Amino acid sequence: MRNSLQFAVLIALFAAASQARSFDAASVKAIPETVGWPPRAGYWVEPKIEDPQRFRALSQLSSLIEFAWGVRDFQLLGGPAWIRETRVRFEVQAMAAQPSNLAQFRQMLQALLAERFNLKKHRESGEIPVYALVIGKNGPKLQPAEGEYAQNSNGSVDIGKGIFRGIGIPMSTLVRILTENMERPVVDQTNLTGRYDFTLHFDQSSLPDWRLGPALFSLMQDLGLKLEPQKASFEMLVIDSVDRPSEN
């Protein structure tokens with residue numbers, strides 16, 4: 001009798017855990033490509049937790065997948081071209097039954113993507129070329145952030161007209177910007193944990209396209225940092241199959 005009771009309790013706990021991994025209510029809607037590009041205000045929202053019970057995104061499917069499994073863009077492999085196409089966007093609004101943390105939101109989004117997009121995937125490890133962001137021999141020259149960006153923020157980044165400006169950004173944000181502008185991923189090996197301000201100047205006329213590219217090697221030196229070529233192992237998320245979503 002006692003064993004039966006314990007088994008019943010375990011079944012109930014498992015069922016409760018399974019329910020906790022699903023949104024209480026969720027809406028998925030494809031945005032017509034006729035909306036145009038670049039997106040107007042209100043037509044691009046990176047996946048985000050708006051409050052402890054509410055998730056929202058208006059982006060391409062690849063961004064939703066990366067948020068759900070906590071991977072960066074270079075760790076996402078396979079799948080049809082449309083999942084990364086910026087003109088193919090989906091609006092997702094979802095509500096959790098109770099206040100949830102980041103890990104729980106990710107689990108719920110994983111379940112939603114499997115249900116609505118019929119997403120199937122697997123993980124595998126791979127070694128790829130990267131740049132390691134390290135501290136230069138004379139030490140960092142970063143200015144600690146002040147004011148509203150000094151805490152609890154990803155900061156603000158502005159690139160254009162020969163200026164690369166960061167306000168209150170942590171190393172994670174800088175690494176993301178570097179990765180977007182380089183031909184290979186950038187990994188943080190600085191061990192810097194603060195938020196920083198900087199303003200860098202570069203000759204925009206010498207760049208072949210919108211990316212900063214090679215200019216970043218000298219710009220990082222101005223910050224007392226250095227980009228070193230290395231190889232690193234990452235766990236990749238491989239898309240086996242995915243369909244256009246079943247809406248609401």
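This passage walks through the overall make-up of the chain, a four-stranded sheet, the helices on it, and two buried residues.

The model is a predicted one. In broad terms, the protein chain holds 5 helices and 12 strands. It runs to 248 residues, and buried residues make up 39% of them. Around 14,200 Å² of the protein chain is exposed, with carbon and sulfur atoms supplying 49% of that area. Contacts in the chain often link distant stretches of sequence: of those with a separation of 6 or more, 77% come from residues 24 or more positions apart.

Turning to the sheet, four strands line up in the order β4-β12-β6-β10. The sheet is open, and its pairing is mixed. At the edges stand β4 (76-78) and β10 (186-188); each has a single partner strand, so one side of each is left without a neighbour in the sheet. From one strand to the next, the twist averages 45°. As a general point, strands of a sheet pair through backbone hydrogen bonds, and they can do so in either a parallel or an antiparallel way.

Going through the sheet pair by pair, β4 meets β12 in the parallel sense, with 3 bridges between them. Leu 77 is part of this pairing, with Val 238 in β12 as its bridge partner. Next come β12 and β6, which pair in the antiparallel sense over 16 bridges. Here Arg 123 has Leu 237 of β12 as its bridge partner. On the other side of β6, a strand that covers residues 120-135, 3 bridges lead to β10, and these two strands run parallel. Tyr 131 can be picked out in this pairing, since it stands opposite Val 186 in β10.

Two helices contact this sheet. Helix α5, made of residues 215-222, packs on the sheet and touches β6 and β12, and its direction makes about 125° with that of β12. Helix α4, made of residues 171-181, lies across β6, β10 and β12 (225-241). Relative to β10, α4 runs at about 165°. How much of α4 is buried? The count is 8 of its 11 residues, so the helix is largely enclosed by the rest of the structure. The buried residues of α4 are Met 171, Thr 173, Leu 174, Val 175, Ile 177, Leu 178, Thr 179 and Asn 181.

Away from that sheet, two individual residues are worth a look. Val 45 sits in strand β2, which covers residues 45-51. Its relative accessible area is 10%, and because the cut-off for buried is under 20%, Val 45 counts as buried. Which residues does Val 45 contact, leaving aside neighbours within four places in sequence? They are Arg 56, Ala 57, Leu 58 and Ser 59. Of these, Leu 58 is 13 residues from Val 45 along the chain, yet the two C-alpha atoms are separated by 4.6 Å.

The second residue, Ser 63, belongs to helix α2 (residues 61-69). Is Ser 63 buried or exposed? With a relative accessibility of 12%, Ser 63 counts as buried. Once residues up to four places away in sequence are set aside, Ser 63 touches Glu 46 and Pro 47. Val 45 and Ser 63, then, are both buried, the former at 10% and the latter at 12%.

Conventions:
Residues are numbered from 1 along each chain as its sequence is written. This is a predicted model: local features need pLDDT of at least 70, side-chain atom pairs count only at pLDDT 80 or more; totals for chains, interfaces and linings use all residues. Side-chain values use heavy atoms; hydrogens and water are left out. Two strands pair if DSSP finds at least two bridges between them. Axes are lines fitted to C-alpha atoms, for helices over the stretch in contact, and angles run from 0 to 180 degrees between N-to-C directions. Contact means heavy atoms within 4.5 Å. Buried means under 20% relative accessible area, exposed over 50%, partly exposed in between (1.4 Å probe, protein chains only). Accessible areas come from the Shrake-Rupley method with a 1.4 Å probe; for residues, only the protein chains shown count as cover.
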